[in-house]
Amino acid sequence: MADRDIDDGRARPRRMTTPVVSVAAAIILLILIVLALASCDYRGGGGGLQFWRRDNYAANACPRPASVTGSEFNAQEIGLRQLRRAAFRGDFFAQLELGSRYSAQRATDKNIEDPIESSVWYAMALTNGEGYAPINRQERGGFGGWRPLSRFDDCRAFERHVAYERLDRQLSQMSREEQDKVRDRVVYVLSTQDAEGFRTLARLHDGLYGPFGEPEDNREAREAWGRGQPGPNGRGRHGYWTAAGLFQRNDVDAYLYNYLAVQTGDVGAYVLLKDFEASSPNRAQYGRFVEAKARQWVPPYEFYPNDAPQSGVPFSDESRPRGDAYEYALSRMGGELPFVHVARALRYLGVTDTVALRPEDLSKHQIETLEAMLGHPMESRLSYLERVRAIQLAAVNGSSEAQLVLAVMYAEGIGVPTDYARAFHWFDQAARQGSPEAKFAMSSYFALGVAGVADQDKAQAVAFRIESALSGFAPSASRLQAVLAQVSRSQRR
């Protein structure tokens, strides 16, 4: 018999609807909570609920490619070389990994800890379009912003957030001189990446972009500028000002790097330069000034500084010649540059005790010593690039003879592409150390006026020629004697 309530002598059925409604409401509430949690921001700093947030890096970081994640405990140097090769070629994850290695996030990397080098590669990762260019273009729609495709964009955004945080912390603990080293190394690496590298440098100095050349409305850029939504820990409110100020905004510098991108022969760079000129009323007026400045521009370094921490693992320069001009210039090292100049550079560097006459006269140990100094793999074979690096390394370390040879190489396009600005720079460095041949070359530069690198200046030309003659350089001395003889004849007449 059905249960009944007795009221005034009448029987009524007991109601069963209240528990069912409560359970249904609880289920709906639970679904809404799950959706809200799914749509939470990965940092808890911009929308969504906050209490689920995790600070564990591994939980939010992108999965690393297999070639980057292996254990390097017993092969640390090999691992760093592999990472540097990939990082110089623009691999976003290799750049992040180098930043982490040099900041000694792992205990096994403590021996290579170097905040300057770590900051360089975190900065390079932040400039890298692979970190912020959208991969998944599907709109976030539906309940809670469901995204049915991968969350790779989110993990890369998290990686950039961490890179900004670590870079800001490291830079804030550096002197101005150390910060300048970070900036100069980034400029050098980007300058080895042809037109794309120069365009990135232009964005770094353009006030219409984020701190590291990303779109101004990029979430991490806004956070760095202190414009993001503040989270419970204040992130997004104070910004990462030291990191954001590493590259100062300057229209002239932005124009300069856009112009240098055009000089590489890239067609797209010309279109972007015109867009840059049209983006602001005052920018086009810098054209003539920037053109003259670009002809005299040289990178901050001849090659990446091969300083090394106490571990003895050098910071190798993994930029490689690209294009026909580079390959042709390298191929000329074999037949057009006497090997004696390379051998003298090796002796100056302490690799050899005597000047070898031929490459075959170098021992396996001597070649490997140079390769170790450069951070190159031990192949026991002196490549053309290593011959160039030997002369560059000797020139950087003060050899006036190597400086003179390097200047001639740039002037003639042997081993390196023709670059009159760099040739003038190294002639000048050698002349300052008293090289009579360099002084004679400087006199020719000022006598002719070379492509805007050195304006024509007859007085400077005569001064350098006299100095060269007094130092005993025969061509200059004979030229000076001829001039004096002509003057004497005209006076007798």
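Biologist: Setting aside its neighbours within four places in sequence, which residues is Tyr122 in contact with?

Modeller: This is a predicted model, where local features need pLDDT of at least 70, side-chain atom pairs count only at pLDDT 80 or more, and totals for chains, interfaces and linings use all residues. Residues are numbered from 1 along each chain as its sequence is written, and side-chain values use heavy atoms, leaving out hydrogens and water. With contact meaning heavy atoms within 4.5 Å, the partners of Tyr122 are Leu96, Gly99, Ser100, Ser103, Ala163, Arg166, Leu167 and Gln170.

Biologist: Thanks! Is Tyr122 buried or exposed?

Modeller: Tyr122 sits in helix H6 (residues 115-127), where helices (H or I, at least four residues) are DSSP runs numbered from the N terminus, as are strands (E, at least two). The classes come from relative accessible area: under 20% is buried, over 50% is exposed and in between is partly exposed, with a 1.4 Å probe and protein chains only. The value for Tyr122 is 2%, so this residue counts as buried.

Biologist: And what separates the C-alpha atoms of Tyr122 and Val162?

Modeller: Along the chain, Tyr122 and Val162 are 40 residues apart. In space, the separation of their C-alpha atoms is 9.4 Å.

Biologist: Let's turn to charges. How many salt bridges are there?

Modeller: Side chains of opposite charge can pair when their charged atoms come close. The rule used here asks for a side-chain nitrogen of Lys or Arg within 4 Å of a carboxyl oxygen of Asp or Glu. By that rule, the number of salt bridges is 25.

Biologist: Which residues are linked in a network of salt bridges?

Modeller: One pair in it is Arg106 with Asp109, whose closest N and O atoms are 3.1 Å apart. Arg106 is partly exposed at 31%, whereas Asp109 is buried at 2%. The network links Glu97, Arg101, Arg106 and Asp109.

Biologist: Which helices does the pair of Arg160 and Glu220 link?

Modeller: Arg160 and Glu220 form a salt bridge, with their closest N and O atoms 3.5 Å apart. The two residues are 60 apart in the chain, so the pair links distant parts of it. Arg160 is buried at 1% relative accessibility, and Glu220 is buried at 2%. The helices are H7 (residues 152-171), holding Arg160, and, holding Glu220, H10 (residues 219-224).

Biologist: How far apart, N to O, are Asp428 and Arg432 in their salt bridge?

Modeller: Both residues belong to helix H21 (residues 420-432), and because they are four residues apart there, about one helical turn separates them. Asp428 counts as buried at 17%, while Arg432 is exposed at 63%. The salt bridge has an N to O distance of 3.0 Å.

Biologist: Now the interior. Which residues of the largest nonpolar core touch the most other members?

Modeller: A nonpolar core is a set of buried Ala, Val, Leu, Ile, Met, Phe, Trp, Tyr and Cys residues joined through side-chain atoms within 4.5 Å. Of the 102 residues in this core, those touching the most other members are Trp121, Phe212, Ile391 and Met409.

Biologist: Which helix gives this core its largest share?

Modeller: The largest share of the core is nine residues. They come from helix H12 (residues 251-263).

Biologist: What is the volume of the largest pocket?

Modeller: On a 1 Å grid over the protein atoms alone, a cavity is a set of points where a 1.4 Å probe fits but cannot get out, while a pocket is an open set with protein on both sides within 12 Å along at least five of seven lines; lining residues have an atom within 4 Å of a point. Grid points are joined across faces, edges and corners, and the volume is the space filled by probe spheres set on the points. The pocket has 41 lining residues, with Tyr326, Pro417, Thr418, Asp419 and Arg422 nearest its centre. Its volume is about 1100 Å³.

Biologist: And which residues line the largest cavity?

Modeller: The structure holds two cavities of 30 Å³ or more, and the largest has a volume of about 40 Å³. Its lining is made up of Phe303, Asn306, Phe315, Ser316, Asp317, Leu374, His376 and Arg389.
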